[in-house]
Amino acid sequence: MPTPPSHERLVAQLLADARPVRPLWSPHTRLAVWLVLQALTLGFAVEFGLRQDLGAHLRQPLFLLEVGALIAAGATAAAVALRAAVPGPAADGQ
């Protein structure tokens with residue numbers, strides 16, 4: 001089936017108007033930025049006291065274990081989401 005002339009003109013116009021784009025940061029860099037944002041959010045919550053009894057809770061090992069598990073789960077979810085979002089074989093080699 002032949003391509004309609006209007007399609008050919010549209011493709012030619014789009015190619016003529018195309019400009020180079022800035023490449024994305026590497027997946028490792030983007031993951032590091034995500035983790036820094038997560039740490040800043042946690043630091044904000046600790047600093048500005050979203051819980052009045054946070055100081056007492058931070059002395060309890062079980063609470064620290066739970067918070068650590070949540071942070072690890074968030075970091076792992078971010079890494080998995082980023083890995084899934086990077087197309088092609090280049091993602092496998094990084």
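The exercises below, each with a worked solution, concern a predicted model.

**Exercise 1. The largest pocket**

Task: State the volume of the largest pocket, list its lining, and find which helices contribute to the lining.

Solution:
- Step 1. The largest pocket holds about 210 Å³ of space.
- Step 2. Its lining consists of Leu42, Ala45, Val46, Leu50, Arg51, Leu54, Leu58, Phe63, Val67, Leu70 and Ile71.
- Step 3. Two elements, α2 (27-47) and α4 (61-85), each give two or more residues to the lining of the largest pocket.
- Step 4. Helix α4 supplies the largest share of that lining, with four residues.

**Exercise 2. The character of the lining**

Task: Sort the lining of the largest pocket into nonpolar, polar and charged residues.

Solution:
- Step 1. Ten residues of the lining are nonpolar, none is polar and one is charged.
- Step 2. Arg counts as charged, and Arg51 is in the list of lining residues.

**Exercise 3. One residue of the pocket**

Task: Place Phe63 in the fold and decide whether Phe63 is buried or exposed.

Solution:
- Step 1. Phe63 belongs to helix α4 and is one of the residues that line the largest pocket.
- Step 2. The relative accessibility of Phe63 is 14%. Buried means under 20%, so Phe63 counts as buried.
- Step 3. Leu42 also appears in the lining. Phe63 and Leu42 are 21 residues apart along the chain, and 15 Å separates their C-alpha atoms.

**Exercise 4. A nonpolar patch**

Task: Name the residues of the nonpolar surface patch and classify the exposure of Val33.

Solution:
- Step 1. The patch is formed by Trp25, Val33, Trp34, Val36, Leu37 and Leu40. Together these residues have about 600 Å² of accessible area.
- Step 2. Val33 is located in helix α2.
- Step 3. Patch residues need over 30% relative accessible area, and Val33 has 33%. Because this value lies between the limits of 20% and 50%, Val33 is partly exposed.

**Exercise 5. Two further residues of α4**

Task: Classify Arg83 and Leu65 by exposure, and give a C-alpha distance for each.

Solution:
- Step 1. Arg83 sits in helix α4, and Leu65 is found in helix α4.
- Step 2. Arg83 has a relative accessible area of 41% and is therefore partly exposed.
- Step 3. Leu65, at 59%, counts as exposed, the cut-off being over 50%.
- Step 4. Arg83 lies 57 residues from Ser26 in sequence, with 11 Å between their C-alpha atoms.
- Step 5. Leu65 and His28 are 37 residues apart along the chain, and their C-alpha atoms are 26 Å apart.

**Exercise 6. The start of the chain**

Task: Describe the location and exposure of Met1, and how far Met1 is from Ala75 in space.

Solution:
- Step 1. Met1 is in the segment before α1 (5-17).
- Step 2. With a relative accessible area of 100%, Met1 is exposed.
- Step 3. Met1 and Ala75 are 74 residues apart in sequence, and the C-alpha to C-alpha distance is 50 Å.

Methods: Residues numbered from 1 in each chain as written. Predicted model: local features only at pLDDT ≥ 70, side-chain atom pairs only at ≥ 80, totals over all residues. Heavy atoms only, no water. 1 Å grid on protein atoms, 1.4 Å probe; cavity = no way out; pocket = protein on both sides within 12 Å on 5 of 7 lines; lining within 4 Å. Points joined across faces, edges and corners; volume = space filled by probe spheres on them. Patch = residues over 30% accessible without salt bridge, like charges linked within 9 Å, V, L, I, M, F, W, Y side chains within 5 Å. Areas by Shrake-Rupley, 256 points an atom, 1.4 Å probe, with all protein chains shown as cover. Salt bridge = Lys/Arg side-chain N within 4 Å of Asp/Glu carboxyl O. Buried < 20%, exposed > 50% of the residue type's maximum accessible area, 1.4 Å probe, protein only.
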